[in-house]
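Here are my notes on the model, set out as numbered points for discussion. Please read them with the sequence and the coordinates open.

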Amino acid sequence: MTFVDEVKNAVTPRAALLVIGVLGLQLLFIASYVGALHKPKPTDVAFGVVAPQQMSQQLVSQLDGLPGGPLDPRTVGSEAEAREQIMNRDIDGALIVSPQGRTDTLLVASGGGTVLSSALERILTQVEADQQRTVRTVDVAPASPDDFDGLSSFYLVVGWCVGGYLCASILAISAGTKPANRQRALIRTAVMAVYAVAGGIGGAVIIGPILGALPGSVWGLAGLGALVVFSVGMITLALEALTGIVGIGLAVLIIVIAGNPSAGGAFPLPMLPDFWRAIGPALPPGAGTWVARSIAYFRGNAVTGPLLVLSAWAVAGTALTLLLSMRRRGGQDDGSAGTVPPSAGGSTAV
């Protein structure tokens, strides 16, 4: 046998295509993570301004014209209203101008990401210095001292996502990469649901009562975790039912390569480039991270949209998985697919 024949036997065309696909995922991983995170800078950060009427519009225009466009300022009626908008996650910070003295107040929320609150403090300190004024910072929703840089929410959601697609991958490849019949698809969906509940509760207990990394409702985080795990798991099962083993790679592409760097974890969304800022809220890691931070630091506000995003992934994955399981394979009835005739000495596949 020639060397070429040995190569052909060792590396089948299918294996070669899979290796090329893995190389593509590797390069996309590098491009996505480095592209999103190599040069973070605040851009169009939603920012409130509370100032006397005669100077309010001028100050808004000044902040709007800062080089690089770091802020998207808007007038807010009062300090109380600014605080409420921050807690509702409508704005990320606010400047309260003192009408008497020369010391103003900057409101931030490090629970939404300490990197962003630090960036706002740096920007406003420079702006105030140019006007011969000073600024004091008040943290309206401070991150837990055990939650370094506000990253615990992100890592919690990443863990849930990893569990979701790994569990789904194991369920799918344990008896072939495509569901043979509706019964098997239903069993996998039920197992995925039980696993999601266990994973959600386990993650919430670890990050809350055990490690003390996040405040907020343990049961609220547990419910979020169950939804994150189930949505990621079901979309993975659906992709595997649609494309076979390639579906695992597609799940990695959506969740890991596109989802993680755009989630607003290491750097909050206003500090990411436009592309990642746009896709982040529509993907499970971004939606999950937003809700986890809201539960922990923002009284559970502004979670409806992200929860709908996660629910949409869960519903779409479940529906697609069950619909694809109804297909006839190889001209056989769904119930007979994946079996070996008794005459061949085999037994029925699980």
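1. In which loop is the place of Asn-301? The residue belongs to the loop between α11 and α12 (304-324), in a model that, it should be said at the outset, is predicted. Asn-301 has a relative accessible area of 18% and is therefore buried, the cut-off for that class being under 20%. If its neighbours within four places in sequence are left aside, Asn-301 is in contact with Met-87, Asn-88, Arg-89 and Ser-294.

2. Two of these contacts of Asn-301, Met-87 and Arg-89, lead to helix α4 and what comes after the helix. Helix α4 (residues 79-87) has as its buried residues Ala-82, Gln-85, Ile-86 and Met-87, and these pack against β1, β3, β4 and α11. Arg-89, which follows α4, has a positive phi, near 65°.

3. Arg-89 appears again at the largest pocket, where Arg-89, Asp-92, Leu-269, Pro-270 and Trp-290 are the lining residues that lie nearest the centre. The volume of this pocket is about 410 Å³, and its lining is made up of 23 residues. Sorted by class, the lining has 14 nonpolar, 4 polar and 5 charged residues. Helix α11 (residues 284-297) contributes 5 residues, the largest share of the lining, and α11 is also one of the elements against which the buried residues of α4 pack.

4. The strands that α4 packs against include β3, and this strand deserves a careful look. Strand β3 (residues 93-96) is covered on both faces, with Gly-93 and Leu-95 buried on one side and Ala-94 and Ile-96 buried on the other. Strand β1 (residues 45-50) runs parallel to β3 and is joined to it by 4 bridges; within this pairing, Gly-48 has Ala-94 as its bridge partner. Strand β4 (residues 103-108) pairs with β3 over 4 bridges as well, but in the antiparallel sense, and here Leu-95 stands opposite Leu-106. The connection between β3 and β4 is that of a hairpin, with 6 residues between the two strands.

5. Two further positions merit a check of the backbone. Gln-132, in the loop between α5 (114-130) and β5 (134-139), has a positive phi of about 55° although it is not a glycine; its relative accessibility is 59%, so Gln-132 counts as exposed. Asp-149, located in the loop between β5 and α6 (152-173), likewise has a positive phi, near 60°, in a residue other than glycine. With a relative accessibility of 29%, Asp-149 counts as partly exposed.

6. How many aromatic pairs does a search of the whole structure find? The search returns 3 aromatic pairs. Among them is the stacked pair of Phe-29 and Tyr-33, with 4.2 Å from centre to centre and 20° between the planes. Phe-29 and Tyr-33 are separated by about one helical turn, because they stand 4 residues apart in helix α2 (residues 13-37). Phe-29 counts as partly exposed, at 35% relative accessibility. Phe-275 and Trp-276 form another aromatic pair, of the edge-to-face kind, with 5.2 Å centre to centre and 90° between the planes. The two partners differ in burial: Phe-275 is exposed, with a relative accessible area of 52%, whereas Trp-276 counts as buried at 15% relative accessibility.

7. A last point concerns Pro-273, which is found in the loop between α9 (246-259) and α10 (274-279). Pro-273 has a relative accessible area of 27% and is therefore partly exposed. Pro-273 and Lys-41 are 232 residues apart in sequence, yet their C-alpha atoms are 8.3 Å apart in space. Not counting residues up to four places away in sequence, Pro-273 touches Gly-35 and Ala-36.

Definitions and conventions:
Residues are numbered from 1 along each chain as its sequence is written. This is a predicted model: local features need pLDDT of at least 70, side-chain atom pairs count only at pLDDT 80 or more; totals for chains, interfaces and linings use all residues. Side-chain values use heavy atoms; hydrogens and water are left out. On a 1 Å grid over the protein atoms alone, a cavity is a set of points where a 1.4 Å probe fits but cannot get out, and a pocket is an open set with protein on both sides within 12 Å along at least five of seven lines; lining residues have an atom within 4 Å of a point. Grid points are joined across faces, edges and corners, and a volume is the space filled by probe spheres set on the points. Ala, Val, Leu, Ile, Met, Phe, Trp, Tyr, Cys and Pro count as nonpolar, Asp, Glu, Lys and Arg as charged, and the others, Gly among them, as polar. Buried means under 20% relative accessible area, exposed over 50%, partly exposed in between (1.4 Å probe, protein chains only). Two strands pair if DSSP finds at least two bridges between them. Contact means heavy atoms within 4.5 Å. Rings of Phe, Tyr and Trp (its six-membered ring) pair if their centres lie within 6.5 Å; planes under 30 degrees apart count as stacked, over 60 as edge-to-face and the rest as tilted.
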